[in-house]
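Dear colleague,

Please find the structure below, together with its sequence. My notes on it follow.

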Amino acid sequence: MNTLKIIPQIEIPDHLVGEVKSKLAYVDEAIVKAAVAEDGKEITLELSEAVDELSRMRLEEKVQRVVTSMTQGAFKPNVQVLEDHMAIDTPYRYDPTAKLMECGELSRETNGVFTLGPLITRLVNFFEDKFLNLAASFDAEPYRFPTLIPARFLERVNYFHAFPHSLTFATHLREDLDAIDHFAQQAGCDVHGNLNQPPQSFAKIKTLLSPAVCYHLYFSLADKPLPGGKMIATAVGQCFRYEGINLTSLERLWNFTMREVIFIGDKDFVLENREISRNRMAQVFEDIGLAYRVETANDPFFIGEFRKQAAFQSAFQLKYEIRARLPFKDSTLAVGSYNYHQDFFGRHLNITLPDGNPVHTGCTAFGLERMAYAFLCQYGLDYEQWPASVREYIHG
Amino acid sequence: MSNGPLIEQVQATLAEALQVPIEEITPELALGDLPQWDSMGHMEVMMLLEQKFDVEINPDTIAALVSVAAICEHIGQNHSTS
């Protein structure tokens, strides 16, 4: 393995060490592993192959660009903890991934893409049941959304600027008999799994795989007044966020499932219901025995927008993350969030209240695979060690 | 920063940060009233206020300085403009 050590031109402050590390995944295809020293003074990259001096200089320049863009003039967020149940004693201390793979509960198809076995599926169903109860407590209207989303929708809400790094594109063969015949006869994969067909075989990209659930609802409401001026909806959907070398185990999936309860109305309506959903879920998590905390957070904006958007989100407390404890690494994992978008979608999509002002929106969102993974990290695979409420649901 | 009443200096700063004609920066203007004064625009405003008026940017000021009036009041109370 070829290792490259880089001293950042700007020391990375402790609150940004994790954020910078996660963005290093997008710097260069040669990077197979990236680490940032805890004190923020050194970056270590492991490369798939030796690079010449020119390539090394280019790579270092890109790394410095990431660091400078994210840290220069960065505002330290004032992280507020709204709930702290981290001290709950849970019996398991290991990463369950290896055991899950061993017993066929988890099967890796490619980076960040996993097949789940019966145990994890039942756990996912258990959590899904809890979230459906939350939705029912609001009389939320059920919706079903497609997995594909038009590029022009995401363009309209500035998604390409904010999260270009995590997009997943969908295309198909061009409507051309020669191209389709050629594909049928010649298509295959190389040793790396790459399809051996030229880009011109494929149609121009007009659709992507959806990165979020609630966007579909906002787009369906675009360019008209919101009937009644308020609504609460719920939906579950497949979401896609590419994270390169960060895609490891069930912690970070390229393809994951999200259940959302979505609030649309005026500011007070959205904020009030976000708070109600947080309080209701606190009771659910207590019954389950989950060790977690809820704290203010920001979305993983790309480097160009990160510094400003993250500071804005943090200052206005637009995002509260539910972070479950991962005892084996003395860390936490975001398993859900309570979000307030202000009137961002109302303004960009021209969705209006009866008084003509743009609607405000918010959502409560849960990553189902991450919920199951965090639970297994805390309680292990032995049913006997599980809280009664979970055991009884799964075993009857 | 100096020259002119505080409100005019603030209006000029916001016009520069948001890249809009100064006429659009009315004394009643608030975050969200102009398409340019969105989250990104707000942070541009914050950074230019820091540069020109030595306003400290922290979560409290980012959340509080959301209108021309609030910015004028904050600067008037906390900072010398001469």
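Strands 8, 10 and 9 of chain A form an open sheet in the order 8-10-9, with antiparallel pairing. Helices (H or I, at least four residues) and strands (E, at least two) are DSSP runs, numbered from the N terminus, and two strands pair if DSSP finds at least two bridges between them. The edges of this sheet are strand 8 (148-150) and strand 9 (169-170), each of which pairs on one side only. Strand 9 is joined to strand 10 (residues 207-209) of chain A by two bridges in the antiparallel sense, and A170(A) has T207(A) as its bridge partner in strand 10.

This is a predicted model, in which local features need pLDDT of at least 70 and side-chain atom pairs count only at pLDDT 80 or more, while totals for chains, interfaces and linings use all residues. Residues are numbered from 1 along each chain as its sequence is written, and chains are lettered from A and ligands numbered from 1 in the order in which they are written.

A further open sheet of three strands in chain A has the order 1-3-2, again with antiparallel pairing. Strand 1 (2-6) and strand 2 (31-36) of chain A each have a single partner strand, so one side of each is left without a neighbour in the sheet. From one strand to the next, the twist averages 20°. Strand 2 and strand 3 (residues 43-47) of chain A run antiparallel and are joined by five bridges; in strand 3, I43(A) is the bridge partner of V36(A).

Chain A also contains a hairpin, formed by strand 5 and strand 6 with two residues between them. In its turn, G112(A) has a positive phi of about 75°. Four bridges pair strand 5 (residues 106-110) with strand 6 (residues 113-116) in the antiparallel sense, and T110(A) has V113(A) as its bridge partner in strand 6.

Turning to the interior, the largest nonpolar core has 73 residues, and Y218(A) and A372(A) have the most contacts inside it. A nonpolar core is a set of buried Ala, Val, Leu, Ile, Met, Phe, Trp, Tyr and Cys residues joined through C-beta atoms within 7 Å. A residue is buried if 20 or more other C-beta atoms lie within 10 Å of its own, exposed if 12 or fewer, and partly exposed in between, with C-beta atoms placed from the backbone. Helix 12 (residues 368-379) of chain A gives the largest share of this core, nine residues. Apart from this core lies another, of 40 residues, including I12(A), L16(A), A162(A) and I62(B).

Between the chains, 12 residues of chain A are in contact (C-beta atoms, placed from the backbone, within 7 Å) with 10 residues of chain B. Helix 10 (residues 303-315) of chain A packs against helix 2 (residues 39-53) of chain B at an angle of about 95°, with their axes 9 Å apart. Because angles of 65 to 115 degrees count as roughly perpendicular, helix 10 of chain A is roughly perpendicular to helix 2 of chain B. Among the residues that make this contact are F312(A) of helix 10 and M43(B) of helix 2.

Lastly, H165(A) lies in the loop between helix 6 (159-162) and strand 9 of chain A. This residue, H165(A), counts as partly exposed because it has 17 C-beta neighbours inside 10 Å.

With kind regards

Technical notes:
Two residues are in contact if their C-beta atoms, placed from the backbone, lie within 7 Å. Axes are lines fitted to C-alpha atoms, for helices over the stretch in contact, and angles run from 0 to 180 degrees between N-to-C directions. Angles under 35 degrees count as roughly parallel, over 145 as roughly antiparallel, 65 to 115 as roughly perpendicular and the rest as oblique.
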